[in-house]
Amino acid sequence: MACVTIPSVILKGCEKAMPLIGMGTSSYPPADTETAKAAILEAIQAGYRHFDTAFAYGSEKPLREAIAEALRLGLIQSRDELFITTKLWASFAERTQVVSACKMSLENLQLEYVDMYLIHLPMRLTEMISRTPVAEEIVRPLDVKGAWEGMEECKNLGLTKGIGLSNFSCKKIEEVLSIAKIPPALNQVEMNPLWQQRQLREFCRAKGVHITAYSPLGANNTKWGDNRIVESDVLANIAKARGKTTAQVALRWAHEQGVSIVTKSFNKERMRQNLQILDWALHSEDLEKISQLPQRKGLNLASIMGPHQLVLELDAEV
Ligand SMILES: NC(=O)C1=CN([C@@H]2O[C@H](COP(=O)(O)OP(=O)(O)OC[C@H]3O[C@@H](n4cnc5c(N)ncnc54)[C@H](OP(=O)(O)O)[C@@H]3O)[C@@H](O)[C@H]2O)C=CC1
Ligand SMILES: O=C[C@H](O)[C@@H](O)[C@@H](O)[C@H](O)C(=O)O
């Protein structure tokens, strides 16, 4: 089967162009190493070159094994052909720990550098946790200045080609911009037809911060998502009219908004289907219908971390 070529975007302060569609590696229930590795290899064969991982997902090691295997098999000639994003976990989100946390991820990945390093969440945990929800005492506000200085140090040391944010609101991004020597290249947030992020996108456009959409399919079949996108009648009707699947309509919609996408499928057919969104377009009446869909946030941090005051406040920010 043919391998799709995915267009890339040049990001502020990032030395490497980022493919506009990336493969997510956060799976539920968590995939075992062999399953994740096989899926990533399959994705490379399908044409994916951007992989989104995080210290917290436990998918850095399977990704390392898949990269090594892809090189062995000659699916790629060099690691440089891949764009690897990983994330600073909240338990290490303070000035003195950022660089060592980045090195820990590099060790897990067996890479000399990643292409993008993101602050995973706009909060700090005072302990390493292996399960959620967490106790309220360990949840702290993020020291934005200290954490961002640590991220800048990672970039200056050559541990990453670019640095950015994830799950940051307009207010929190403003705080970063007010102290940044290197501005954040992007903010990775939930975005899909049912949570379109209009306000945040407008703000980021004005500030030159790129948006990456996560859970573009609403993360169906995971504990942090639901089936409201893949089972939406409005999207299904548009899909029928265009001869596409509902998932492709959701992904094409995000693509047409000028954002990049990270979406996860460990299924050979679906991961290929999700790349077939580049050579057709939604009609203006489709876009009109999608713009009228009622909005609801899918991923609330409080449902993961616990309904703690600080977490509820973060969830309320846009
Ligand atoms: N920064 C952050 O805080 C967050 C980042 N992320 C990142 O974004 C990635 C993608 O988001 P995610 O939350 O996984 O959700 P997605 O919206 O990408 O949905 C993934 C789910 O949809 C299924 N699926 C994939 N393709 C199709 C299809 N064509 N038709 C029907 N179902 C499909 C997958 O199952 P199957 O594998 O069986 O196909 C999986 O259950 C994550 O893997 C992670 O890397 C996600 C959440 C938070
Ligand atoms: O333990 C918590 C989880 O890792 C969660 O907070 C994040 O990982 C987020 O859902 C994501 O998928 O990026």
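# Exercises on a predicted barrel model

Ligand 2 is surrounded by Ser26, Ala54, Ala56, Thr132, Trp224 and Ile304. A residue is near a molecule if its C-beta atom, placed from the backbone, lies within 6 Å of it.

This is a predicted model: local features need pLDDT of at least 70, side-chain atom pairs count only at pLDDT 80 or more, and totals for chains, interfaces and linings use all residues. Residues are numbered from 1 along each chain as its sequence is written, while chains are lettered from A and ligands numbered from 1 in the order in which they are written.

**Exercise 1. Describe the two ligand shells by residue class.**

Step 1. Set the classes. Ala, Val, Leu, Ile, Met, Phe, Trp, Tyr, Cys and Pro count as nonpolar, Asp, Glu, Lys and Arg as charged, and the others, Gly among them, as polar.

Step 2. Take ligand 2. Its shell has 4 nonpolar, 2 polar and no charged residues.

Step 3. Take ligand 1. It is surrounded by 29 residues, and the closest are Gly24, Leu217, Ala219, Ala247 and Ser265. This shell holds 8 nonpolar, 18 polar and 3 charged residues.

Step 4. Find contributing elements. Strand S12 (260-263) and helix H9 (268-273) each supply at least two residues of the ligand 1 shell.

**Exercise 2. Trace the barrel from S6 to S11.**

Step 1. Fix the terms. Helices (H or I, at least four residues) and strands (E, at least two) are DSSP runs, numbered from the N terminus. Two strands pair if DSSP finds at least two bridges between them.

Step 2. Give the order. The closed barrel has 8 strands, S3-S4-S5-S6-S9-S10-S11-S12, with parallel pairing. Its neighbouring strands are turned by 25 degrees against each other on average, direction ignored. Here axes are lines fitted to C-alpha atoms, for helices over the stretch in contact, and angles run from 0 to 180 degrees between N-to-C directions.

Step 3. Start at S6 (residues 116-119). It pairs with S9 in the parallel sense over 3 bridges. Tyr117 stands opposite Ile163 in S9.

Step 4. Move to S10. S9 (residues 163-166) and S10 run parallel, joined by 2 bridges. The chain passes from S9 through helix H5 (residues 170-179) to S10 in a right-handed β-α-β crossover. Right-handed means that, with the strands pointing away from the viewer, the path from the first strand over the helix to the second runs clockwise.

Step 5. Reach S11 (residues 210-214). 5 bridges join S10 to S11, again in parallel. Val189 stands opposite Ala213 in S11. The chain crosses from S10 through H6 to S11, and this β-α-β crossover is right-handed.

**Exercise 3. Classify S10, Arg198 and Glu65 by burial.**

Step 1. Apply the cut-offs. A residue is buried if 20 or more other C-beta atoms lie within 10 Å of its own, exposed if 12 or fewer, and partly exposed in between; C-beta atoms are placed from the backbone.

Step 2. Check S10 (residues 186-190). 5 of its 5 residues are buried.

Step 3. Check Arg198, in helix H6 (residues 198-207). Arg198 is partly exposed because it has 13 C-beta neighbours inside 10 Å.

Step 4. Check Glu65, in helix H2 (residues 60-73). Glu65 has 17 such neighbours inside 10 Å, so it is partly exposed.

Step 5. Widen the view. Of the 318 residues of the protein chain, 47% count as buried.
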